[in-house]
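Student: Could we go through this structure together? I would like to start with the overall picture and then turn to details.

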Amino acid sequence: MKIASLLASATEIVYALGLGDQLVAISHECDFPPEAMGKPRVSSPRFDPAEMSSGEIDRAVRDAMARFGSVYALDADALRQLRPDLIVAQAVCEVCAVPTSLAERAASLLGPGTSVVSLDSHTIEDILEGVRAVGTAAGVIERAKSLVDALRARLAAVTNRVHDAPRPTVLALEWLDPPFTPGHWTPEMVAMAGGEGRLMEVGVPSKQRSWSEVSNLDPDVLLLMPCGYGLAAARADADVHVDQLRQIAPRAIGAGRAFVVDGSAYFNRSGPRMVDGVEILGRLLHPDRFPEVELAGRAQVWDPAPR
């Protein structure tokens, strides 16, 4: 079977299921695991975000949606040449990755031999079901079941360690210009790791806020996890918005409990590394209970320079 992945988390699922040799195409955003990087890319963004600020990216996304109805373009000619049997796409967010509608349009051009699996993940359970869905479509049902069981066991291990711990209040921001608070599976991740989330709701889209809406929360912990940003980019964006962040979370910043994380790898994607994200949160919220969890390159204290 030949598989095309139009979603970074789907590429991670394909490799976690041991199907990397059957992957013939990936999206522009796919960057893990490293061995996937040599695969042909069959999508591209309608703008280059590399040198843009978060505010400029937000405006470019809104413009692309208004003009084209999508932030991404799909290379139908490349897909025709590769002729995948299975295309994996997503229906969660038209901003985050190639939507199912484009994948279905491409599949219709390829003919009846190509099927589309749409990963519509809004909760942690949906993510695990997505692993099963890819495994079923690819004919490795038992392998998918074993992977899901292993991921569940790791999640249970985190919740068991923190079940009797005090629960710090947590404000997480998935974007800074404008501010967005997380929905979908992120609130569950915070809860599993022993935190009490503020302004976050399970299973619904992330919500745009004003700085005034989050100004009176003063949480115990501040988590900065801009969508699609690695650790260095998250840190740089936090530094740009230092004045606003100082106002909304003075206690967390003063106590060294404001953190930037690699949101792209461990929090924003609906794939297996979401479980790594829960373990990272466990270490950040309850460091004495997770001393073995590695933070280097994944999360760090955000300590803005004195003014």
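Tutor: The conversation below moves from the whole chain to a helix, a sheet, some salt bridges and a loop residue.

Student: Before that, what kind of model is this, and what counts in it?

Tutor: It is a predicted model, in which local features need pLDDT of at least 70 and side-chain atom pairs count only at pLDDT 80 or more, while totals for chains, interfaces and linings use all residues. Residues are numbered from 1 along each chain as its sequence is written, and side-chain values use heavy atoms, with hydrogens and water left out.

Student: How many helices and strands does the protein chain have?

Tutor: The protein chain has twelve helices and 14 strands. Both are DSSP runs numbered from the N terminus, with helices being H or I of at least four residues and strands being E of at least two.

Student: And how much of the chain is buried?

Tutor: Of the 307 residues in the protein chain, 52% are buried. Buried means under 20% relative accessible area, exposed means over 50%, and partly exposed lies in between (1.4 Å probe, protein chains only).

Student: What share of the contacts join residues at least 24 apart?

Tutor: Among contacts between residues at least 6 apart in sequence, the share is 70%. A contact means heavy atoms within 4.5 Å.

Student: Let us look at helix 6. What is its span?

Tutor: Helix 6 has 22 residues, and its first and last C-alpha atoms are 32 Å apart, close to the expected 32 Å at 1.5 Å a residue. The expected span is 1.5 Å times one less than the number of residues.

Student: Which of its residues are buried?

Tutor: The buried residues of helix 6 are Ala144, Leu147, Val148, Leu151, Leu155, Val158 and Val162. Seen down the helix axis, they fall within an arc of 100°, so they line one face of helix 6. That arc is taken from the directions from the helix axis to the C-beta atoms.

Student: What covers that side, and what sits on the face turned away from it?

Tutor: The cover over the buried residues of helix 6 includes helix 1 (8–16), helix 5, helix 7 (186–192) and helix 12 (274–285). The face turned away from the buried side carries the exposed residues Glu142 and Asn160.

Student: Changing topic: how many salt bridges are there?

Tutor: The structure holds 17 salt bridges. Each is a side-chain nitrogen of Lys or Arg within 4 Å of a carboxyl oxygen of Asp or Glu.

Student: What does the bridge between Glu125 and Arg152 tie together?

Tutor: The side chains of Glu125 and Arg152 meet at 2.7 Å, N to O. Glu125 belongs to helix 5 (residues 124–137) and Arg152 to helix 6 (residues 141–162), so the pair ties together parts that are 27 residues apart in sequence. Glu125 is partly exposed at 34% relative accessible area, and Arg152 is partly exposed at 31%.

Student: Which salt bridges lie within a single helix?

Tutor: Among them is the pair Arg132 and Glu129 in helix 5, three residues apart, about one turn of the helix. The side chains of Arg132 and Glu129 meet at 2.6 Å, N to O. Another is Asp149 with Lys145 in helix 6, four residues apart, about one turn of the helix. The closest N and O atoms of Asp149 and Lys145 are 3.0 Å apart. Asp149 is partly exposed at 36%, as is Lys145 at 41%. Elsewhere, salt bridges that share partners join Glu12, Asp31, Arg269 and Arg273 into one network.

Student: Now the sheet. In what order do its strands lie?

Tutor: Four strands form an open sheet in the order 2-1-5-6, with parallel pairing. Strand 2 (23–25) and strand 6 (115–119) are the edge strands, each pairing on one side only. Two strands pair if DSSP finds at least two bridges between them.

Student: How many bridges join strand 5 to strand 6?

Tutor: Strand 5 (residues 86–90) is joined to strand 6 by five bridges, and the two run parallel. Leu86 stands opposite Ser115 in strand 6. Helix 5 packs on the sheet, touching strand 5 and strand 6, and its direction makes about 170° with that of strand 6. For such angles, axes are lines fitted to C-alpha atoms, for helices over the stretch in contact, and values run from 0 to 180 degrees between N-to-C directions.

Student: Lastly, is Pro226 buried or exposed?

Tutor: Pro226 is buried, with a relative accessible area of 1%. Pro226 lies in the loop between strand 12 (221–224) and helix 8 (231–240).

Student: What does Pro226 touch?

Tutor: Not counting residues up to four places away in sequence, Pro226 touches Leu173, Glu174, Trp175, Ala234, Asp237, Gly263 and Asn268. The C-alpha atoms of Pro226 and Glu174 are 4.3 Å apart, although the two residues are 52 residues apart along the chain.
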